[in-house]
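Trainee: I should be grateful for a close look at a single part of this protein, with the structure in view.

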Amino acid sequence: MAAISNLAGCSHGGSSVNFGERRLTFRPTPALKTRISWPSKNPLAVGHLGKGHKNSGVRMALVDEKLARSGALPKPSDILAFDLVQGALVKWSSVSDRSLPEPPTAVFLHGILGCRKNWGTFTRRLAQEFPTWQFLLVDLRCHGDSASIKKRGPHTVSSTALDVLKLVRQLRLTPRVLVGHSFGGKVALSMAEQAAKPLARPVKVWVLDATPGKIRPSGDGEDHPEELISVLSTLPQEISSKRDVVDVLVRKGFSKDVAQWVVTNLRPTGPLGSSPSTFSWVFDLKGISEMYKSYEETNLWKIVEDVPRGVHVNFLKAERSLHRWALEDLQRIHAAEELAAEEAGGVEMHVLEDAGHWVHADNPDGLFRILSSSFQ
C-alpha cells in the first residue's frame, strides 16, 4: 500500500509546523486505525504514522480485504476532503454492512487558514485513549484539499456548516461531539443551529477560543488573521522559496511560529517525487477572506441563550486568547449556563491555562483533559 497520510500538518510533503506544537509521548496502547477516505490516488490507501512513531505501540490497520475485493471502498467525497481516524475497536465503515452499529463519532474543525491535519496528532491520541470512538477531520471549504472542490458563494459560517452537515449525511454518520477551533467553533455552533439530523441527541458542541457574537481582536502585537490574509493577498500565487515567505511575514510583524505555519499551505508544483522548484498555495484566499468577515460578524447568541433540548454547548477560553473576551460576553455565557440547566440543555464555560489562541498546540495536555469528559 503506497499511499500515506502522516496527519501532521497542512503541507503535502516535507516537514510541517503547527504553531510550535509540542511533541507528544504516546503510551503503548491497542492498535489505531486511520482510514484515509479522500484524497488519495490509491483506493487501498491506509494511514501511517511514520518512522518517528515506531516505538509508540501504534499499529496501522489495512483496509478490509473483503471490501477491496468487492470494490465497496469509500469513494472520494465531492463535498469536502476529510480523514477518518478510528480507534482500535471500531469495526464500522460507511460502505460496510449496515447492520453494524455506528460507533460514536466526533467531528473536528480547524480555523481560518488551517486544515484538517492540524488536528491529526491530537485525534490520534484521543483514538488511543478512547478506542471505541472515531474522529472525522475535515478540510473546510476554500482550505486544504477542499479548495479544489469548487463551492458557490457566499462563503460564510452558515454555508461552511452546511457543507459539513452534507458530508456527515453522505457518510451516514451521526456525530455525538462537534469540536471547532476559532472559526471552526462558530461553524460547529451553526451546525447545531441548522440541523436536528444528522446530529445526535444529545450532542456536545465545543467552541474553542471563540465567542458566539462579534469577534473583537485583542491589542497590538498579536497575529491578526485579517491582517495576515491581507498580506498574503499581496504575494504571488507561485512561490520560489518558503523561507522568503517566512522572512516577509516576520518583517511585517507576524510571529515566526505563525509564519512557519502559514507556509505549510504551500504545495510543490512539480511532479510527485521531484525536487520542487516552485510552490503554490493550496487555499482559496479570496474565499477565505469572505469567510473571515462572516466569522467576525455572524451572531449565534440565539442558540446559546435558547439552547435546544439535548444540546450541550461548551466554550473554552484560552488564558492568553488572541481575541478580546468582553465582560458582556462572559456574563451572557454564564447567564446562559443557568438558564440552560433549567431547560434540560447545557452551556458551560471553561478556561485553558497556559495557552494562547492555538490551544491544541500551546497546551495539548490540558485541552486533552478538558475534552476527555465528552468521550467517556
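Within what distance do the axes of helix H2 and helix H12 come, and at roughly what angle do they cross?

Mentor: Please bear in mind that this is a predicted model. The axes of helix H2, residues 120-129, and helix H12, residues 364-371, come within 11 Å and cross at roughly 45°. That angle makes H2 oblique to H12. The crossing of H2 and H12 is, in addition, right-handed. Let us turn to the residues that meet there. Helix H2 contributes Phe122, Arg125, Leu126 and Glu129, and these meet Pro364, Asp365, Leu367, Phe368 and Leu371 in H12. Sorted by character, the residues of this contact comprise six nonpolar and three charged ones, with no polar residue.

Another helix pair may be set beside this one. Two packed helices are described by the angle between their axes and by the distance between those axes. The axes of H3, residues 157-170, and H4, residues 183-194, come within 8 Å and cross at roughly 70°. H3 and H4 are therefore roughly perpendicular to each other, and their crossing is right-handed. On the H3 side, the contact is made by Val157, Ser158, Thr160, Ala161, Leu162, Val164 and Leu165. On the H4 side, it is made by Phe183, Lys186, Val187, Ser190, Met191 and Gln194. The residues of the contact of H3 with H4 divide into eight nonpolar, four polar and one charged.

A helix may also be examined by asking which of its residues are buried. In helix H6, residues 242-251, the buried residues are Val245, Val246 and Leu249. Seen down the axis of H6, these buried residues fall within an arc of 100°, so they line one face of the helix. Arg243 and Arg251 are exposed on the other side of H6. The elements covering the buried residues of H6 include the helices H5 (225-232) and H7 (256-262), together with the strands S7 (238-239), S8 (266-268) and S9 (279-281).

Finally, these parts belong to a whole. The secondary structure of the protein comes to 12 helices and 11 strands. The protein has 376 residues, of which 56% count as buried. Among its contacts with a separation of 6 or more, 80% are accounted for by residues 24 or more positions apart.

Technical notes
Residues are numbered from 1 along each chain as its sequence is written. This is a predicted model: local features need pLDDT of at least 70, side-chain atom pairs count only at pLDDT 80 or more; totals for chains, interfaces and linings use all residues. Side-chain values use heavy atoms; hydrogens and water are left out. Axes are lines fitted to C-alpha atoms, for helices over the stretch in contact, and angles run from 0 to 180 degrees between N-to-C directions. Helices (H or I, at least four residues) and strands (E, at least two) are DSSP runs, numbered from the N terminus. Angles under 35 degrees count as roughly parallel, over 145 as roughly antiparallel, 65 to 115 as roughly perpendicular and the rest as oblique. A crossing is left-handed if the near helix is turned anticlockwise from the far one by less than a right angle, and right-handed if clockwise. Contact means heavy atoms within 4.5 Å. Ala, Val, Leu, Ile, Met, Phe, Trp, Tyr, Cys and Pro count as nonpolar, Asp, Glu, Lys and Arg as charged, and the others, Gly among them, as polar. Buried means under 20% relative accessible area, exposed over 50%, partly exposed in between (1.4 Å probe, protein chains only). The arc is that of the directions from the helix axis to the C-beta atoms.
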